[in-house]
Amino acid sequence: MRQSQLLMPTLRESPSEAEAASHQWMLRAGLIRQLAAGIYTYLPLGRRVLRKLEQIVREEMDLAGAQEVLMPAMQPAELWKESGRYEVYGPELMRLRDRHDREFTLGPTHEEVITSLVRGEVSSYRQLPLTLYQIQTKFRDEKRPRYGLLRGREFLMKDAYSFDADWEGLHRSYTSMYEAYHRIFTRCGLYFRSVEADAGSIGGEGGTHEFMALADIGEDTIAVCDSCSYAANLEKAEYGGKEQAASEESSVRDEHEAELVRHHTPNIKTIEQLSQAFELEAAAFIKTLIYAVDGKPVAVVVRGDHEVNEIKVKNKLSAAHVELADQTTAERVTGAPTGFAGPIGLQIPILVDDAVLAMESGIAGANEADYHLGNVKPLIHLSQAAAGDFRNAEAGDHCPRCEEGRLAFHRGIEVGHVFKLGTKYSEALHATYLNASGREQPFIMGCYGIGVSRLLSAVLEQHSDNNGIIWPRAIAPYQVHVVPVSVKDTVQMDLAAHITSRLSEAGVEVLMDDRDERPGVKFKDSDLIGIPLRIVIGKQAAEGIVELKTRKTGEVQQLGLEEALVFAT
Ligand code: ATP
Ligand code: MG
Ligand code: MG
Ligand code: MG
């Protein structure tokens, strides 16, 4: 490809709107452009990298025996009503109507669609196991789209769904996906950990793992044992990835999906006491954090990764404790303007013993600059709450698994998630097959997601330096950048063309900088876009000698033509 013809609008300066390194590099290197918040166009370089990632995902999914399909983004709301998620998914679900006033959604995920498909097409245990996947655009009206592709509202996901006759089968399907995920992320050059995510009660004995790219910008905190293989997602942070931003912007974020309960006594020390106080079943604790202000617990955050389970928690609270309060009451009790104006949507103050413990949408006043709670920090993590494991986890604590090693905390970006669903959707949608004795059974399901566009950002968070991107070769938009120093020099240009065609014949993807620019400009752009190997063709072209520069190490070597071609192939 000739660079003079390539739509690759590079920027000299870091765009001010981009906080995350990956976001800055993607804008500066001309990979993406924003259309609206969380909605991006992929320019040619970005599209190429995305395709590389897709291809790796495809190859590994196929190898694991999964079959590719493509499902519609537009889904009848009926299906979502059948599964019960239409009501509970919340404002993240994009909803629309067609010309006949029929309700639709833009799929944030495809459990409903795939379950209804398999319900119609698979009827016998002989057709199982079955794993289907797609790579497709997802829509989630995220409250805070940010960090470029890390949290988009329209993004690319690989989602796979397995159907088995029994739990042993599900375990095999799950393991096969789990292993494929390891291969995928390794091939992409990502530093990652698979961690135990909190399963909650989804699928009962089901399990779930998240794949976390290690990066400071990550919104999750993971605890990793330095001795055994234990690694777990401790906390789904309510605040942004940067501690600093967290304290500056808002101490406690008001994610719609979170239950934020401000507790009025510091006396709750055990899961049992917590359960009693809120009449929750211990098993309902999927992710729980106790926030502390100046060391005193003030807020209990109960949240689930799964909407329905979360809503069960809510309902339980509703039944026991939630009353609608008017704005005055809320303000009187909390001493802060709440912005609460009646029973709208999810903004329900949660009352316990007449005290407002929480606003559904956040600790009251959290959106008012002067009423932030100061110094709010997660104090106690109840990541294993269902197991009664109530720990005040701190870095350096003993590992709960081996009890020998010490825990270290890292920030992570969730790039993948595997989940044993069990019969949750097959039961809700009456998707059954006939077993060997002719009895109708619900499919045992699993679901497996990878944020393909998020993965692109995650790789970039880990692979750049002060001068720009450093692509791992497997996903680089081009593997070799051929840079003739002077395009007016026909000897240089002829050699550049020769090298380009020889490499292309050998299956190497080459970008050739045929722009009439100063060498400094060319080299700067070359560093910025991060192609792994640069071949500079300068004064020694007449002797057939070129200069090779490895982007990652900066290592430079002068080689003759044939040697250079061997090195670059
Ligand atoms: P998060 O916790 O970051 O909101 P999630 O748990 O809601 O993610 P899943 O429902 O598990 O996401 O979706 C599967 C994968 O899709 C995630 O592991 C993540 O890599 C990706 N993903 C989810 N939301 C987004 C988003 N808004 N933008 C980009 N990728 C996303
Ligand atoms: Mg989410
Ligand atoms: Mg998550
Ligand atoms: Mg997830």
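User: What follows α2, and what is the sign of its phi?
Analyst: Gly 65 follows α2, and its phi is positive, near 90°. Helices (H or I, at least four residues) and strands (E, at least two) are DSSP runs, numbered from the N terminus. The model is predicted: local features need pLDDT of at least 70, side-chain atom pairs count only at pLDDT 80 or more, and totals for chains, interfaces and linings use all residues. Residues are numbered from 1 along each chain as its sequence is written.

User: How do you know that the span of helix α2 agrees with what is expected?
Analyst: The expected span is 1.5 Å times one less than the number of residues. For the 20 residues of α2 (residues 44-63) that gives 28 Å, and the end C-alpha atoms are 28 Å apart, so the two agree.

User: Which residues of α2 are called buried?
Analyst: Buried takes 20 or more other C-beta atoms within 10 Å of the residue's own, placed from the backbone; exposed takes 12 or fewer, partly exposed lies in between. In α2, Leu 45, Gly 46, Val 49, Leu 50, Lys 52, Leu 53, Ile 56, Val 57, Glu 60 and Met 61 are buried. They cover an arc of only 165° around the axis, which puts them on the same side of α2. The arc is that of the directions from the helix axis to the C-beta atoms.

User: What makes β27 and β30 edge strands?
Analyst: Strands pair if DSSP finds at least two bridges between them. The open sheet runs β27-β26-β28-β29-β30, with mixed pairing. β27 (510-512) and β30 (556-560) each pair on one side only. β29 (residues 545-550) pairs with β30 in the antiparallel sense, over five bridges.

Key
Chains are lettered from A and ligands numbered from 1 in the order in which they are written.
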